[in-house]
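Here are some notes to read alongside the structure. Keep the viewer open and look up each residue as you go.

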Amino acid sequence: MVDPQNTPARQRPGVVTISTYLLLLFAVCQLISVIVSLTTIGTVREVMDEAYSGSTVEGAESLGNLTVVMTVATAIFLLVVALALFGLGLLNLRGKNGARIATWIVGGIMFCCTGFSLLSGLASGMSMPGGETSGDMPSAEEIQRRLEEALPGWVTPVSLLLGVISLIALLAALILLALPKANEFFRKPTQQWEPPMPGGSYPNQPGYPPAPGYPGGGPSAPPPGAPGQPGDQPPSTDRPN
C-alpha cells in the first residue's frame, strides 16, 4: 500500500530561489524605467512639439503626442508583465511546474522585447546626423539631437544601464529554472511503498468485532438456565390433583 504521509518532502534548491530574486530585480529595473519615463515626459513632449511645429505635412503635429503616448504605454506594459513574472517566480518557489513553463514563455517574450528596446536605444545613440527627411519633416537624427540637448545628461546612461541589467537578470533567471537541480524540484514526487507490519491491518479496511462471550462460562458456555447445564432441572409439567 502507498502511504502519502511517508512521501519525502522536497527541498527547494538554491537555483530556484535565486531565479525568483532575479525576476524581482527585473521588475525593479522596469519600475525605475517607468519612473524615468514619467519624469522626463514633459520635456520629451516639448521637444517633439517644437520639432514638428513648422512642418506642413498633414498630421505632423500629432506625431509628437503619439510618440509620447506610445513611450509611456510601452513602459507601463513592460512593468505589468515584469510584475507578473515576479508573481510566477513566487509560484516557482512552491514547486509549481505550470508556473515554471509560464515563466519560460512570458520571460522569453520579454527577453526579446527588452533586447530589441536596448538595441534600438544603442542604435539611436550611435546614429550620425544627416539622415534623409521627407519634405520639411525633421529627421530622426535631428530629433535625437534635440532630445539629448533638452534632457538631463544622466537619462540616457541610466536607461541603457537599466536595460542591460534587466536583460542579464531575466536571461539568468530562465537558465536557472532549466538546470538539473530545478528539474528534480519541479518533478512530481513519487510516493514510497511500505509493507504492512506483521499482525497489523491494512489501512481503510474495517475490522470485524470479536465474538461475544457468555458471562460466567467462557466463550463457549451456554447461558444460565439452558438445557443440559449441570444443576438445572427442567420445569415440571404435572399439575397437582
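The points below go from confidence to a charged network, then to a buried residue and a surface patch.

1. Start with how far to trust the picture. This is a predicted model, and the chain averages a pLDDT of 76. Of the residues, 64% score at least 70. Watch residues 127–131, though: the pLDDT there is below 50, and this stretch has 6 contacts in the model beyond near neighbours in sequence.

2. Now compare the helices. Confidence is highest in helix α5 (residues 155–176), with a mean of 92, and lowest in helix α4 (residues 140–150), with a mean of 81.

3. Helix α4 is worth a closer look for its charges. Side chains of opposite charge can pair when their charged atoms come close. The count for the model is 3 salt bridges. One of them links Glu142 to Arg145, with the closest N and O atoms 2.4 Å apart. These two residues are 3 apart in helix α4, so about one helical turn separates them.

4. Glu142 has another partner. Arg146 also forms a salt bridge with Glu142, and here the closest N and O atoms are 3.1 Å apart. Arg146 and Glu142 sit 4 residues apart in helix α4, about one turn.

5. Arg145 pairs again too. Its side chain meets that of Glu149 in a salt bridge, at 2.7 Å from N to O, and these two are also 4 residues apart in helix α4. Through shared partners, the salt bridges join Glu142, Arg145, Arg146 and Glu149 into one network.

6. How buried or exposed is each member of that network? Glu142 is partly exposed at 23% relative accessibility, as is Arg145 at 36% and Arg146 at 26%. Glu149 counts as exposed because its 57% is over the 50% cut-off.

7. Next, go to helix α3 (residues 97–126), where you'll find Thr114. Thr114 has a relative accessible area of 7%, so it falls under the 20% cut-off for buried. What does Thr114 touch, leaving aside residues up to four places away in sequence? The answer is Phe26, Gly163, Ser166 and Leu167. A polar atom of the Thr114 side chain also lies 2.8 Å from the backbone oxygen of Met110.

8. Finally, check the surface. Tyr21, Leu24, Val28 and Ile32 form a nonpolar patch there, with about 350 Å² of accessible area together. Val28 lies in helix α1 (residues 14–52) and is partly exposed, with a relative accessible area of 38%.

Note on methods
Residues are numbered from 1 along each chain as its sequence is written. This is a predicted model: local features need pLDDT of at least 70, side-chain atom pairs count only at pLDDT 80 or more; totals for chains, interfaces and linings use all residues. Side-chain values use heavy atoms; hydrogens and water are left out. Buried means under 20% relative accessible area, exposed over 50%, partly exposed in between (1.4 Å probe, protein chains only). A polar contact is a pair of N or O atoms within 3.5 Å; within protein, one must be able to donate a hydrogen and the other to accept it, and residues adjacent in sequence count only if both atoms are side-chain atoms. Contact means heavy atoms within 4.5 Å. Patches are made of residues with over 30% relative accessible area and no salt bridge: like charges are joined within 9 Å, nonpolar side chains (Val, Leu, Ile, Met, Phe, Trp, Tyr) within 5 Å. Accessible areas come from the Shrake-Rupley method with a 1.4 Å probe; for residues, only the protein chains shown count as cover. pLDDT is the predictor's confidence in each residue, from 0 to 100.
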